[in-house]
Structure formats: C-alpha cells, structure tokens
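Trainee: I'm new to this one. Can you walk me through it?
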Amino acid sequence: MDFRWDLVWQSMPLLLEGAWLTIRLTSVSVFFGILIGTAAGMARIAKGPQRYAAAAYIDFMRGTPLLVQIFLIYYGIPPLIDRPIPAYLAALLALSLNSGAYVAEIVRAGIQSIDKGQREAAQSLGLSTWDTMRFVILPQAFRRIVPPLGNEFIALLKDSSLVSVIALEELVRKAQIIIGRTFRPFELWLAVAIVFLIMTISISRLVNAVEKRLKVVE
Amino acid sequence: MDYIIEVKDLTKEFGGVHALKGISTQVETGEVVVVIGPSGSGKSTFLRCLNYLEVPTTGVIRFQGEPIIPNSNLQRIRSEMGMVFQRFHLFPHMKVMDNVTLGPLRSLGQNKAEASQRALELLAKVGLSDKAQSYPDQLSGGQQQRVAIARALAMRPKVMLFDEPTSALDPEMIGEVLEVMKALAKEGMTMVVVTHEMGFAKEVGDRVLFMDEGLLVEENTPAALFGNPENPRTQSFLSKIL
C-alpha cells in the first residue's frame with residue numbers, strides 16, 4: 001500500500017484549523033489554570049480552613065480522569081442548571097480546573113522551596129503577609145516554576161485532545177472527520193502526530209527562552 | 001527607667017526541647033547589649049523571640065511598654081525593630097536599591113523619591129554607594145551584610161537586632177561589618193547583638209549577657225563579665241574561648 005502524501009497536504013488546512021483551536025483552548029486554559037493554581041497553591045499552605053478546600057479540589061482533579069471531568073461538566077451539569085453548556089465553554093472549564101490542580105501543586109512546591117529566611121527578612125521589615133508573598137516570595141517562586149509550568153503546558157496541550165469527545169473540532173476531531181471521508185487513518189494520524197510534535201517542541205523552546213531570560217539556569 | 005524592650009519569663013519549646021527556660025531582662029534606650037554563649041545555648045532563639053520570628057511558648061515581650069500581640073500590633077512593632085541575619089537574607093531578585101527601599105515603600109508608605117534618597121544616604125554610610133544597581137549575588141558576603149544593615153536602617157528603627165551577623169563571613173570580611181556596627185553604636189543606636197566576636201563585645205557593648213542551656217546565666221558590663229566572671233559556667237566558657 002502506498003503512502004498518500006497528497007492526502008496529508010490536502011488535509012493540512014483543516015488540521016491546522018483544528019490545531020489553532022487546540023492552541024487557543026490550551027493557552028486560555030493554562031492562563032486560567034495558573035490563576036486558579038496560584039490561588040489554590042497558596043490556600044493549600046495557608047493556616048486557615050481554606051487549606052482543606054484547596055486540598056479537596058486538588059485531590060479530586062488529580063485523582064479522577066480528565067475524560068470523566070469533561071463528561072461531568074458537559075453532560076452532568078446541564079440538567080442541574082436546566083440549560084446546556086456550550087462545548088467550548090465546557091472544555092475550557094474542564095481543562096482550566098484540571099490544569100489548576102496540577103499548577104497548584106507546582107506553585108505550592110515553588111513557594112515552599114524559597115528559603116524561610118526570605119519570609120523572615122520581609123516580615124522583619126514590617127511587610128504584611130500579602131506584601132511578603134507579592135514582592136518577595138512569589139517573584140522568586142515563579143522563576144523556579146517556569147520549567148514545571150512549561151511541562152504542564154505541554155501535558156495539557158496533549159490532554160486537550162480528549163475534548164474531541166464532546167465534538168469540539170480541535171486537531172484530533174478534525175482528523176477523525178477527515179478519516180471518515182477518506183478512510184486513510186495512517187496518513188492522517190501520522191500528520192496529527194507531527195502537528196502535535198511541532199507544537200510541543202515549539203512550546204518547549206519558548207519555555208527555554210523564558211528560562212534564560214529569567215536566569216533560572218545558573 | 002526608660003526600657004525600650006522588656007522581656008518577662010520568656011520560654012520557648014520546640015517539640016519537647018526547652019530552648020529557653022525562663023528569661024527576664026530589659027534593654028534601655030541607647031544601650032548596646034551583646035549576647036554571648038555556646039552554640040545551642042538559646043541566644044539566637046532569644047533574639048528571634050524579641051520580634052516574634054519565633055513565637056514564645058510563654059512569657060511577654062514589651063516594646064516601648066506595649067506587649068507584642070500577633071495579628072494586632074506585631075507588624076507595626078516589627079517595622080520599628082531592624083533585624084540583621086546571619087545569612088543576610090537579601091532579596092536575590094531585587095537590585096540593592098530595591099532591597100533597601102522595599103520596606104519604606106510598603107511598610108512606611110514613603111514615596112519613591114524619598115525612599116531612594118534615603119537608600120543612597122544609607123548605602124554611602126555603609127560604603128556601598130556604587131552598588132545600588134547591583135544584584136546581591138554580585139556582591140561579596142561582607143558587602144551583602146552591609147546592604148542588609150542598610151536595608152534594616154532604612155526603616156528608621158528604634159532598635160537593631162543582630163543575629164550572629166559575622167558568623168557566615170570569610171574572616172577578611174568580618175572587620176568591615178563590625179566597623180559599620182561600631183559606627184552605629186557610636187551614633188547612639190540601641191542594639192541587641194548575638195555574636196561570637198568577643199572583641200566587639202568588649203569594645204562596644206554596654207552590657208553583656210551570657211546564656212547557657214536556655215538560661216540567662218550572668219549579665220554584667222563587659223569589663224566585669226570578661227574580667228571577673230562570677231558564675232562557674234561563665235568562667236568555663238570564657239576560659240575556652242579567650
């Protein structure tokens with residue numbers, strides 16, 4: 001059986017359209033994931049009751065399959081609120097919440113890796129707990145968490161292919177559609193793999209550049 | 001008596017270990033109190049209890065007559081007590097200038113011009129005018145510790161606490177830090193200094209506290225304590241180090 005390069009090329013515009021959605025979905029989710037994760041990571045090591053809420057959230061999101069979370073939001077919630085949730089919104093919610101839990105653990109580890117002398121020095125200058133976090137701890141922690149955040153970005157980009165199950169036409173879903181028309185799975189899945197590879201390698205390069213910028217590699 | 005710090009029946013327990021077993025003493029305004037003692041005697045813990053970096057297990061610390069209460073007056077009182085650490089603890093992601101101005105900008109609400117002006121004066125005072133735009137890791141240990149002193153002074157503290165400020169320094173850098181501290185003492189700054197530098201204690205101290213095993217064993221003027229120690233434990237300690 002011959003390999004149909006022409007099919008790969010012909011499919012590219014559609015695949016790239018899907019890839020664009022994959023990138024958008026992942027980027028927005030990582031953005032919200034970082035916001036949620038920073039809050040949850042800080043709550044996780046706080047002294048008040050919020051630590052238990054944060055722990056429960058993190059355990060749930062990391063201990064259940066993303067696929068189940070997607071179904072829960074897309075199929076499970078609408079009957080409760082008596083209205084449908086658009087696929088894009090459901091995907092965004094699931095990916096952001098899922099990513100937030102992983103980012104929370106990254107942020108927690110980053111904060112805890114900062115020498116406690118830093119906190120003491122800030123407090124001895126009369127800084128509030130919040131100012132100590134904002135000006136002293138978080139800026140240093142963020143430098144350290146750039147590499148693991150990059151990994152999380154890449155992991156989420158790959159995991160985002162799961163949202164194809166709720167008919168969101170990202171990269172994987174596009175390929176399924178094309179295969180349904182052409183019956184050429186090998187060419188298409190290989191093309192999808194290559195597009196994913198290009199995206200993940202680009203992200204990893206980007207993260208390396210950011211790391212250098214921030215002087216995390218010393 | 002005009003006491004700036006009063007310590008009453010201070011104890012501190014870490015997981016069953018009694019680091020401080022009941023300390024009471026006072027610091028007068030303008031006084032330089034030097035705390036000496038063997039390692040593990042609790043002298044650093046004592047100093048760290050003064051601004052509640054360690055929360056006392058029992059006992060009261062009064063600052064200008066006001067008992068320190070966490071979540072109430074602690075943050076304000078800390079802003080009036082400068083602290084210098086053994087390992088400097090400069091903020092590595094900030095330039096020297098930003099290290100020195102952070103406290104005044106955030107805790108005292110000074111404006112940028114005011115804080116920068118004061119920072120430059122203080123950096124000149126510790127001999128580091130040319131390092132304002134450097135990062136801490138570009139400085140030697142002695143220079144970093146002098147920046148740390150400038151950072152604490154920028155808050156215009158009423159008392160300065162020094163926790164073994166020269167113990168992490170290479171020998172050739174100890175002198176430059178001690179010089180800055182001596183100048184400060186000469187200006188009348190109230191200071192509590194935990195140190196192993198007996199020369200500094202003798203020359204600059206108004207009073208020396210000797211601690212051993214979590215107790216304040218003996219306190220006296222440097223001349224009396226070093227020249228004529230009364231307690232056998234003090235005698236034994238001094239005979240080993242002098």
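Here we chat through where two chains meet, then turn to one residue.

Mentor: Quick ground rules: this is a predicted model, where local features need pLDDT of at least 70, side-chain atom pairs count only at pLDDT 80 or more, and totals for chains, interfaces and linings use all residues. Residues are numbered from 1 along each chain as its sequence is written, chains are lettered from A and ligands numbered from 1 in the order in which they are written, and side-chain values use heavy atoms, with hydrogens and water left out.

Trainee: OK, how many residues does each chain put into the contact?

Mentor: Chain A gives 20 residues and chain B gives 23 residues, with contact meaning heavy atoms within 4.5 Å.

Trainee: And how many salt bridges between chain A and chain B?

Mentor: Three; each takes a side-chain nitrogen of Lys or Arg within 4 Å of a carboxyl oxygen of Asp or Glu. One of them joins the side chains of Asp131(A) and Arg106(B), at 3.2 Å, N to O.

Trainee: Which elements of chain A give two or more residues to that side?

Mentor: Helix H5 (116–124) and helix H6 (129–159); helices here are DSSP runs of H or I, at least four residues, and strands are E runs of at least two, numbered from the N terminus. H5(A) has the largest share, eight residues.

Trainee: New topic: where does Val60(B) sit?

Mentor: Val60(B) is in strand E4 (residues 58–63) of chain B.

Trainee: Why does Val60(B) count as partly exposed?

Mentor: Because its relative accessibility is 33%, and under 20% relative accessible area is buried, over 50% exposed, and in between partly exposed (1.4 Å probe, protein chains only).
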